[in-house]
Every structure is written in structure tokens, then in C-alpha cells.
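Colleague: I'd like to go through this model with you and hear how each label is earned. Can you show it first?

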Amino acid sequence: MKLQFIGTLKFMEAISQRPWLLFLVLLIFSMCSRADQFCDAGLGFDESTCGTTSSSKILIKGGTVVNAHHQEVADVYVEDGIIIAVKPNIKVGDDVAVLDATGKYVMPGGIDPHTHLAFEFMGTQTVDDFFSGQAAALAGGTTMHIDFVIPVNGSLSEGLESYEKKAKKSCMDYGFHMAITKWDEVVSQEMEIMVKEKGINSFKFFLAYKGALMISDELLLQGLKKCKSLGALAMVHAENGDAVYEGQERMIELGITGPEGHALSRPAVLEGEATSRAIRLASFVNTPLYVVHVMSIDAMEEIARARKAGQRVIGEPVVSGLILDDSVLWDPDFVNAAKYVMSPPIRSSGHDKALQAALSTGILQLVGTDHCVFNSTQKAVGIDDFRKIPNGVNGIEERMHLVWDTMVESGQISVSDYVRITSTECARIFNIYPKKGAILAGSDADIIILNPNASFEISAKSHHTRSDTNVYDGKRGKGKVEVTISGGRIVWENNELKVVPGAGKYIEMPAFNYLFDGIGKADAQYLSSLRAPVKRSRSTNLHSS
């Protein structure tokens with residue numbers, strides 16, 4: 001204390017002798033304060049100046065700790081980014097930051113299985129990069145996401161290298177899926193490298209976007225077989241791309257060029273057909289399948305049918321499909337209508353409720369966002385032709401709040417189910433449980449404190465994404481994430497965001513998740529059931545002829 005006091009006196013003496021020094025100190029303080037504000041907002045800043053003062057030791061006291069299959073009132077002690085203990089009445093020293101969670105839920109941070117950050121698409125790039133998108137996620141209670149790597153000219157390795165550079169500014173943990181856009185022996189070999197050396201255990205196949213990302217059934221079959229051999233999960237964007245192209249041509253011929261033409265050109269029947277086709281081809285190969293952004297009753301019913309028959313199919317609805325309906329696409333204001341354009345499109349009223357019911361009964365397993373954000377200027381490129389409107393909506397910040405309000409507050413699911421569909425099931429499917437998706441000793445300290453009695457309101461003016469619009473603008477509800485802890489650091493508290501570029505870690509995801517259990521036995525049973533080849537003797541008549 002004496003040394004600190006002497007140091008302060010010397011510092012004050014130096015300032016009195018050099019007035020310019022006071023100006024310099026005030027300037028530096030101002031710059032630091034401004035940097036913190038920009039860090040808080042996740043917008044337009046010199047990222048190297050961002051910092052955090054979070055303690056490496058945290059005690060969360062008195063909350064209801066919720067996991068996917070159990071909940072209890074307990075304390076949670078965190079040290080150096082890891083959960084050390086979960087039990088009542090933990091005693092700690094004065095060097096530990098204490099958070100009072102009495103009357104609140106302590107849950108695993110959300111994991112978003114479906115995002116597109118810094119994504120180059122339709123002649124432009126999404127406005128959210130790996131910093132701003134992740135900062136928004138943390139403000140909403142999501143502590144990890146899995147993004148889609150797009151190959152460069154078909155090359156998986158070049159695509160991964162590009163995304164590794166993009167992700168260097170990450171402020172929370174992330175993983176990668178990999179898209180497959182062509183097929184040859186090089187791609188096949190690269191898939192092995194991705195799985196065995198790069199920690200990627202899932203590959204996405206687009207059945208839509210003809211002339212861009214769309215692949216053929218022949219390529220899909222090759223990809224499904226390769227995924228099976230590697231223990232990697234095959235994922236599909238399920239729309240019939242050829243039929244969508246015809247639908248778009250039809251709309252243009254009818255003079256329908258606005259955002260409503262987007263929905264009209266790719267009806268639910270085309271999503272259902274492609275979902276059915278992908279499911280049947282996966283059954284033919286006998287490999288698990290993951291259907292991304294299930295938006296319609298048509299697709300959901302195909303998944304339900306397959307799961308009832310025992311097939312290993314995962315269905316992922318996204319928040320927009322659960323919450324919104326397509327009436328907004330008929331808005332006379334182009335800017336407002338265009339912000340809702342995504343693929344598959346938001347469906348008519350009724351699909352949303354059916355998807356909610358499917359989620360609550362286990363037909364659909366987890367919730368993503370397909371966060372893929374373009375601003376109103378980018379969307380305006382398609383003002384005279386809906387085919388040119390960049391496809392995508394926001395959701396990475398809003399998902400946890402909207403799912404709670406829509407599913408838990410309505411009584412459709414329990415609090416434990418909420419943890420399962422927003423975090424745990426994703427961790428299980430992508431083989432990172434219980435490192436992620438759990439409040440257990442030894443798990444990563446990715447934690448949220450949710451106050452069920454607090455309210456939230458979504459606004460494009462206050463959200464943390466870089467977009468100037470928000471498809472959930474004005475929505476209000478109950479259940480607010482009041483604290484987010486990422487990697488053992490308090491990054492969201494008192495409506496303030498403290499994030500550090502580069503603090504996020506790449507999470508490798510090993511192959512052969514639980515969906516592959518028993519696949520080999522099923523194959524053996526199939527072979528034994530064939531009763532073939534049949535041994536036949538050649539008849540004398542056949543020889544004589």
C-alpha cells in the first residue's frame with residue numbers, strides 16, 4: 001500500500017511539472033473508454049484494443065442448475081475456463097467473482113449448429129464476420145456455433161484455409177461443417193483429411209441453388225458413401241433445385257418480380273420432395289442424415305415417417321421457421337419484405353405451429369438459426385428481380401430468447417428440454433458432449449444465467465449484429481439471459497458486452513457420433529438377409545444349345 005501511495009505522489013508531481021502529460025493521460029483514457037464502448041457493441045472498432053477484466057475464478061451461487069435430463073439447486077464453481085464443481089454451498093476465497101443466481105436458471109450456453117459468418121454468396125458477403133456475429137451471439141446467450149466452410153473452386157483444403165483466416169478474430173468457440181460442391185478423387189481424399197486431421201465431422205450437400213452450389217443425385221450418393229466410411233454426418237439443404245429454377249421462371253413470366261415471388265417459386269412440396277429423396281438415398285446407403293433448416297410440414301412429415309421406421313434422421317428447424325409466417329413477403333415496402341427472403345422460404349401460417357409441435361414431441365431434435373445476414377442495401381440489388389435478393393435472415397442473437405418464450409413460456413416443453421434443443425443435443429450430434437452442452441465438473445465453462453421473470457424486447461436499433469434490419473424487430477417476451485460466461489470469462493452482464501477478438505477457440509469434432517452405433521451390425525444383417533447370390537447349376541439343355 002505504501003509503495004502504491006508513493007507511486008501516486010510521484011505521478012501527481014510529474015503531472016504538475018508537465019501539464020502536457022495530463023492531456024496525454026486524459027487522451028489515452030478517452031481512447032480506452034471509447035474502445036471499450038465499441039467492444040461492448042461489437043461494431044466498427046480497432047479490435048486490438050478490446051479487453052476484459054473478468055476473473056478466472058467464478059462462483060455462481062444459489063441458482064437452479066439445469067442439464068438436459070436433470071435440474072437441481074446448486075452452486076457452480078469455475079476456474080481457468082473449466083467447471084470445477086457443481087454442488088450446494090461451495091465455499092471460496094476473496095479472489096473469486098461471485099454471481100448470485102437465486103431464483104434464476106443456470107444452464108449450458110447455447111450452441112448454434114447452423115450459421116454463415118463472413119459468407120461470400122450471391123455476389124456479396126454477409127455483413128457479420130466472425131467477431132461481430134459471435135459478439136451478437138454472446139449477448140443472446142449462445143457460446144458456440146458451427147459455421148459452414150465453402151470450398152474454393154471445389155477445393156476443401158483451400159476453403160478451410162480461407163475460413164481459418166476469417167475466424168482468427170473469433171471471440172467465442174466455434175467449429176466447422178464442410179460443404180461439398182463437386183466430386184472427384186481429390187475431393188474424396190480431402191474429406192478424409194478433414195475428418196482425420198482437421199476435426200470436421202460433417203459434410204453438407206446442397207440440393208438447391210442450381211448453377212452454383214447444387215449437386216446431383218449421383219454426387220450425393222458418392223458423398224453419402226464416403227461419409228459413412230469416415231463416420232462423418234451427411235447434411236442436406238433439401239429443396240429440388242431443378243423445380244425451383246422452373247418455379248422462378250414461371251414467376252418472372254407472370255410478372256411477379258418482388259419478394260413474394262421468392263416464396264411462390266419454391267413451395268413446400270419441393271422441400272418435401274427433396275427431403276424424401278435424400279432420406280431414401282441415405283437409407284439405401286445406410287448412413288445417418290441431418291436435414292438442415294426444416295421449414296415446412298411437408299419436410300417434417302418425411303422426417304417423422306423415416307424416424308418411425310427406425311431410420312437415423314435428424315431434423316433441424318430454425319428460429320425463423322418456428323416464429324414467422326410468409327405474410328411479411330407481401331409487404332408493399334420492399335425493404336421490409338426483402339429482409340425476410342431466405343431459403344427454404346418462410347412458410348404460410350400453420351407451418352410454424354406444426355414445427356413447434358414436432359420439436360416438442362421429438363420429431364425434430366434441435367434448433368439452429370441459419371444466421372446469414374445482408375443489409376438493406378445488399379438486399380436492394382434484387383428490387384426488380386427477387387432472384388437477385390441475397391438469401392438470409394438474422395437469429396444468432398435472438399434464438400435463445402425466442403425459443404424460451406415460444407416453447408417454454410407456452411408450456412410446450414420443459415426447462416430441461418430447452419437445454420436439450422438449444423445446446424446438449426447439438427453437442428451430442430457433433431460429438432463434443434460433455435465438453436460442451438452440460439453443466440458438469442470437467443465441462444467447459446460456457447454458461448448462461450437466465451431470469452425467467454425478466455422480459456426482453458428485440459430491436460434493430462439495439463441489437464449487436466451489423467445489420468440495419470432485424471426480422472424479429474419489435475418482438476417482446478419473457479425470459480432474459482442476464483449473464484453469459486464464455487470460456488470462463490464473464491462476457492455479458494448488466495446489458496454490457498465485453499469481448500476479446502482472438503479469445504475464441506476452434507473446437508475439433510471427432511467422427512463416429514452416437515448415430516453410427518450399430519450401423520455395422522445393421523449392414524451385416526442386411527447382407528445375411530439377401531439369400532444371394534444363388535448357386536445355380538447349368539442345365540444340359542443350356543450346354544447343348
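Modeller: Let's start with a word we'll need: buried means under 20% relative accessible area, exposed means over 50%, and partly exposed is what lies in between. Keep in mind that this is a predicted model. With that cut-off, both D173 and K436 are buried.

Colleague: What makes D173 and K436 a salt bridge?

Modeller: The cut-off is a side-chain nitrogen of Lys or Arg within 4 Å of a carboxyl oxygen of Asp or Glu. The side chains of D173 and K436 meet at 2.6 Å, N to O, so the pair passes the 4 Å limit. D173 sits in strand β10 and K436 in the loop between α16 and β15, so the pair ties together parts that are 263 residues apart in sequence.

Colleague: Which residues are in a salt-bridge network with D173 and K436?

Modeller: The network links D173 and K436 with K435, D444, D446 and K505. Across the structure there are 28 salt bridges.

Colleague: How do you know that E249 and R387 form one of these?

Modeller: Their closest N and O atoms are 3.1 Å apart, and the limit is 4 Å, so E249 and R387 count as a salt bridge. E249 is in helix α7 and R387 in the loop between α14 and α15, with 138 residues separating them, so this pair links distant parts of the chain.

Colleague: Are E249 and R387 buried, partly exposed or exposed, and why?

Modeller: E249 has 27% relative accessibility, so it is called partly exposed. R387 has a relative accessible area of 31%, and therefore gets that label too.

Colleague: What about E425 and R428: where do they lie?

Modeller: Both are in helix α16, three residues apart, which is about one turn of the helix. E425 forms a salt bridge with R428, with 3.1 Å between the closest N and O atoms. E425 is buried, because its relative accessible area is 7%. R428 is partly exposed, because its value is 30%.

Colleague: Now K204. Why is no salt bridge assigned to K204?

Modeller: The nearest side chain of opposite charge, D370, is 5.7 Å away. The limit is 4 Å, so K204 and D370 don't qualify. K204 is nonetheless buried. K204 belongs to strand β11, and residues up to four places away in sequence aside, K204 touches H114, H116, F148, M178, A179, I180, M235, H237 and V292.

Colleague: M178 is on that list. Why is M178 called buried?

Modeller: M178 has 0% relative accessibility, so it counts as buried. M178 is in strand β10, residues 173-180. Beyond its neighbours within four places in sequence, M178 has contacts that include V149, P151, L156, L160 and K204. M178 and M235 are 57 residues apart in sequence, with 9.5 Å between their C-alpha atoms.

Colleague: What makes you say that strand β16 is largely enclosed?

Modeller: Eight of the eleven residues of β16 are buried, so the rest of the structure largely encloses this strand.

Colleague: How do you know that β16 pairs with β15 and with β17?

Modeller: Two strands pair if there are at least two bridges between them. β15 and β16 have eight bridges, in the antiparallel sense, and N451 has K480 in β16 as its bridge partner. β16 and β17 are also antiparallel, over four bridges, with I485 opposite I490 in β17. Both counts reach the minimum of two, so both are pairs.

Colleague: What is special about phi in the hairpins?

Modeller: In the hairpin of β16 and β17, with two residues between the strands, G487 takes a positive phi near 60 degrees. In the hairpin of β2 and β3, with two residues between the strands, D80 takes a positive phi near 50 degrees. β2 and β3 pair in the antiparallel sense over five bridges, and V76 stands opposite V86 in β3.

Colleague: Last one: why is Y526 called exposed?

Modeller: Y526 has 52% relative accessibility, and the cut-off is over 50%, so Y526 counts as exposed. Y526 lies in helix α17. Together with L527 and L530, Y526 forms a nonpolar surface patch with about 320 Å² of accessible area.

Notes: Residues are numbered from 1 along each chain as its sequence is written. This is a predicted model: local features need pLDDT of at least 70, side-chain atom pairs count only at pLDDT 80 or more; totals for chains, interfaces and linings use all residues. Side-chain values use heavy atoms; hydrogens and water are left out. Buried means under 20% relative accessible area, exposed over 50%, partly exposed in between (1.4 Å probe, protein chains only). Contact means heavy atoms within 4.5 Å. Patches are made of residues with over 30% relative accessible area and no salt bridge: like charges are joined within 9 Å, nonpolar side chains (Val, Leu, Ile, Met, Phe, Trp, Tyr) within 5 Å. Accessible areas come from the Shrake-Rupley method with a 1.4 Å probe; for residues, only the protein chains shown count as cover. Lys and Arg count as positive and Asp and Glu as negative; His and the chain ends are not counted.
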